[in-house]
Amino acid sequence: MLGPGLISIAGHATFIKEILWLLSLFAGIIICKIVYQLTGAISPFFFTGYVKLDWQKKLEWNNRGFSTFHALLVAAASLYLLLESDLFRDGAQDELMINRTSAFSDSILGISTGYFLADLAMIFYYFPALGGTEYVLHHGLSMFAIVQSLLSGQAQMYIFMVLFTESTTPFVNLRWYLDVAGQKNSHLYVCNGVALFLGWLVARILLFLFFFYHMFSHFDQIKKVYPLGFYSLLTVPPVLALLNIVWFWKIAKGLIKILRKARHSQ
């Protein structure tokens, strides 16, 4: 019988689980590399101006390709795990909600960790071309929380709630793509701006309110999380929520500007 794994938090890790985590992590990094290359290869067929972009624009263009892929993957997986599966449903299992995991949920967290590692490495290497300190803070805190949950097997439900907020990323990236393509005055740009505002409101503002309500109503289970994880649950989400509010304010101002410009152009 296999003994505990090399990295054991709250007695959760086993050798088999560690192999799964490492495979998922490397899969996430490899997927990022493949999608990055594919984005660069197929983009000229959809946007002829791609070949005329400077190296920094091409770098960010391709980077946003695997950013979008990761966002769609984790948002779909989070939606399934939170709403469709019985993994975190109250009363569905004898195990406390805070301690529930599955091979699928572990794999998604591993892949997501690989993405954040790859993206953070690119951000540092090309700093500040791909984002400033706020992106480093967001990625660092996200990866810190995901790794803790993965290694301990605790609080995965809350991690997937936060990962679902990545569902707004495709709208952010599309806005950047349209801007670079010179389509800021297009109807699609306006529609995307409205969708981004509404999506951000639901996925990054209202969902966080539910997140904190759920934590408060299940605080008897929260207290059973190992110490570092417990204090991380109390501190990391509020910081991420504050970042989301700051970005939401910027999105709202941008949307007002777009709508005013669209109205005056009619």
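Which residues have the most contacts inside the largest nonpolar core? Select Y158 and W200: those are the two, and the core around them has 57 residues. Keep in mind as you click around that this is a predicted model.

Next, colour the elements that build this core. Those giving two or more residues are α1, α2, α3, α4, α5, α7 and α9, and α9 gives the most, with nine.

Stay on W200 and show its surroundings. Beyond its neighbours within four places in sequence, W200 is in contact with T168, V172, I205, N244, W247, F248 and I251.

Before leaving the interior, pick out Y50, W61, W176 and V180. They are among the seven residues of a second, separate core.

Now go to helix α5, residues 156-164. Is it mostly covered or mostly open? Mostly covered: eight of its nine residues are buried, namely Q156, M157, Y158, I159, F160, M161, V162 and L163. To see what does the covering, turn on α2 (55-84), α3 (103-125), α4 (133-152), α7 (187-217), α8 (219-222) and α9 (227-264), which are included in the cover over those buried residues.

Last stop, the surface. Select L22, F26, I29, I30, I34, L38 and L117. Together they form a nonpolar patch with about 630 Å² of accessible area. Helix α1 (residues 15-46) supplies the largest share, six residues. Zoom in on I34, which sits in α1. Why does I34 count as partly exposed? Because its relative accessible area is 46%, and partly exposed lies between the 20% and 50% cut-offs.

Definitions and conventions:
Residues are numbered from 1 along each chain as its sequence is written. This is a predicted model: local features need pLDDT of at least 70, side-chain atom pairs count only at pLDDT 80 or more; totals for chains, interfaces and linings use all residues. Side-chain values use heavy atoms; hydrogens and water are left out. Patches are made of residues with over 30% relative accessible area and no salt bridge: like charges are joined within 9 Å, nonpolar side chains (Val, Leu, Ile, Met, Phe, Trp, Tyr) within 5 Å. Accessible areas come from the Shrake-Rupley method with a 1.4 Å probe; for residues, only the protein chains shown count as cover. A salt bridge is a side-chain nitrogen of Lys or Arg within 4 Å of a carboxyl oxygen of Asp or Glu. Helices (H or I, at least four residues) and strands (E, at least two) are DSSP runs, numbered from the N terminus. Buried means under 20% relative accessible area, exposed over 50%, partly exposed in between (1.4 Å probe, protein chains only). Contact means heavy atoms within 4.5 Å. A nonpolar core is a set of buried Ala, Val, Leu, Ile, Met, Phe, Trp, Tyr and Cys residues joined through side-chain atoms within 4.5 Å.
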